[in-house]
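Let's walk through this structure together, beginning with its aromatic rings and moving on to the strands that carry them. Have the sequence and the 3D view open as you read.

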Amino acid sequence: MKRYKNKLFTTLLLIVALVTFSSCENDEYWKATTLNFETEVPVDTYNGRFNYTIRILDTDITRMQLLEVRTLNSWLIVSNMVQQDRVTLRLFADGGNISYDYMGTIYADRNGEFAIDDNGFKNFMADVIDAMRYKGYVDITITGTSNIGDGGPLIFTFNNSLDIYVRD
């Protein structure tokens, strides 16, 4: 009888352990998401300069407990230009701690757009997303010069493909 009680106790202990550990769900997971936003930046008709700040908030990044972010790709489209328009560009974020200078000259293609898709911009956006992760928002200042005489506006479309590792 004693041997039967030991087997019964061991079996019950095993069942309790299985039920206890099997009910633990993993609420951490990878999620594919984007961080895309667009803004219109007016151009000074007198000297062609522009200086415009936007605040970026993203609920997917700030709402959940974010454990890790992987920036898969980032690119910027500058649009609303005509064939003769030329633009220089500098971006600042997080109070100037993060910056990006486009070294070339931005000019319109036949669709009135110009795409910036380089590692410098991708690294800039990765740093911006990290700053947003810790503060819940980030301010990006768009500055530059142009020969646009009608005030524009220039349209900046930021595109980012991300994988985020979150815990609900």
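Phe37, Tyr100, Phe121, Phe124 and Phe158 come together as one aromatic cluster in this predicted model. If you colour the aromatic side chains, there are 9 aromatic pairs to look for in the structure. A good one to start with is Phe37 with Phe158, a stacked pair whose ring centres lie 4.6 Å apart with 15° between the planes. Phe37 belongs to strand β2 (residues 37-41) and Phe158 to strand β9 (residues 154-167), so this pair ties together parts that are 121 residues apart in sequence. Are these two rings buried or exposed? Both Phe37 and Phe158 are buried.

Now turn to another pair, Phe50 and Phe156. Their ring centres are 6.2 Å apart and their planes meet at 50°; that angle falls between the cut-offs of 30 and 60 degrees, so the pair counts as tilted. Phe50 sits in strand β3 (residues 49-56) and Phe156 in β9, so here the parts tied together are 106 residues apart in sequence. Phe50 is buried, with a relative accessible area of 4%, and Phe156 is buried too, at 0%.

Both pairs have led us to β9, so let's stay with this strand. How many of the residues of β9 are buried? The strand is mostly covered, with 11 of its 14 residues buried.

Which strands pair with β9? One of them is strand β1 (residues 28-34), which runs antiparallel to β9 and shares 7 bridges with it. To find this pairing on screen, look for Thr34, whose bridge partner in β9 is Ser161. Strand β2 also pairs with β9 in the antiparallel sense, over 5 bridges. Here Val41 stands opposite Leu154 of β9. Besides these bridges, β2 and β9 are tied by the stacked rings of Phe37 and Phe158 that we met above. Strand β4 (residues 65-79) is joined to β9 by 13 bridges, again with the strands antiparallel. In this pairing, Glu68 has Tyr165 of β9 as its bridge partner.

Finally, a word on confidence. The protein chain has a mean pLDDT of 86, and 80% of its residues reach 70 or more. Among the elements of the chain, strand β7 (residues 113-116) has the highest mean pLDDT, 98, while helix α2 (residues 59-63) has the lowest, 58. Where pLDDT is low, the predicted coordinates should not be read in detail.

Key
Residues numbered from 1 in each chain as written. Heavy atoms only, no water. Phe/Tyr/Trp six-rings, centres within 6.5 Å; stacked < 30°, edge-to-face > 60°. Helix = DSSP H or I, 4+ residues; strand = E, 2+ residues; numbered from the N terminus. Buried < 20%, exposed > 50% of the residue type's maximum accessible area, 1.4 Å probe, protein only. pLDDT = per-residue confidence, 0-100. Pairing = 2+ DSSP bridges.
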